[in-house]
Amino acid sequence: MKSFRLATMLAAGLLLAPGHPFAQELSGPQVVRTLGRLQGGAPAIDLALLMEEAAASAGKGVAALPDWQNLSKLSQLIVEIDFENDSIAIEPKSYRTVGMIADALHHPNLRRYKFLVVGHTSSTGDAKHNLDLSQKRANAITEALSTTFAIAPDSLFAIGVGEEWLVDPSNPQAADNRRVQLVNLGLVK
């Protein structure tokens, strides 16, 4: 498993497309450019509604829901962060990736934005357990960013979707499905 693999997702349809064959190593400046690409007229995202829909859709999928499809219209980045098995403990080797994200979020071009951290799991385990675990992992990333790396906590929001949004639906238990996604929600008001 490549702990430091980052894959960018720039086009609207890519978020929901199965498989992402373009894994690449990214630098801090590339992370800043990727997350800083905002398109005019981006939809407003209702975080409470997303959380409600994720909870109600455990085992059914969220990708086809209109509120979740709106996320595909925003600048985002998929990041592979390794956790201990069935745990929220971030593997030490993944702190380099978390640090690179923090460096990018401290950049003047991104400091004024708020970000959604979306936690994902593979399909090993029960759907409800995976939903809870993905939420806890998203919370662990936002906590690490805000405490260890001093990112403003009011600019980070966490949500878990469990196994509902697989990158590799043909192999639901694949490690690629366990990931964290950062979505630029726009300006902090």
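**Close-up views of a predicted model**

**View 1. The two sides of helix 2 (residues 47–56).** Ala48 and Glu52 are the exposed residues on the face of helix 2 that points away from its buried side. This is a predicted model, so keep that in mind for every view here. The buried side of helix 2 is made up of Leu50, Glu53 and Ala54. Look down the helix axis and these buried residues fit within an arc of 100°, so they line one face of helix 2.

**View 2. What sits over the buried residues of helix 2.** The cover includes helix 3 (66–69) and helix 5, and strands take part too: strand 3 (113–119) and strand 4 (156–160).

**View 3. Helix 4 crossing helix 5.** Here helix 4 (residues 95–106) meets helix 5 (residues 127–148), with axes that come within 10 Å and cross at roughly 60°. That angle makes helix 4 oblique to helix 5. As for handedness, the crossing is right-handed.

**View 4. Side by side at the contact of helix 4 with helix 5.** Helix 4 brings Tyr95, Val98, Ile101, Ala102 and Leu105, and helix 5 answers with Ile141, Ala144 and Leu145. Sorted by class, that contact has eight nonpolar residues, no polar ones and no charged ones.

**View 5. Zooming back out to the whole protein.** There are five helices and five strands, and from the N terminus on they run β-α-α-α-β-α-β-α-β-β. Of the 189 residues, 47% count as buried. Take the contacts between residues at least 6 apart in sequence: 76% of them join residues at least 24 apart.

Methods. Residues numbered from 1 in each chain as written. Predicted model: local features only at pLDDT ≥ 70, side-chain atom pairs only at ≥ 80, totals over all residues. Heavy atoms only, no water. Axes fitted to C-alpha atoms, helices over the stretch in contact; angles between N-to-C directions. Helix = DSSP H or I, 4+ residues; strand = E, 2+ residues; numbered from the N terminus. Parallel < 35°, antiparallel > 145°, perpendicular 65-115°, else oblique. Left-handed = near helix turned anticlockwise from the far one by under 90°. Contact = heavy atoms within 4.5 Å. Nonpolar A, V, L, I, M, F, W, Y, C, P; charged D, E, K, R; others polar. Buried < 20%, exposed > 50% of the residue type's maximum accessible area, 1.4 Å probe, protein only. Arc of directions from axis to C-beta.
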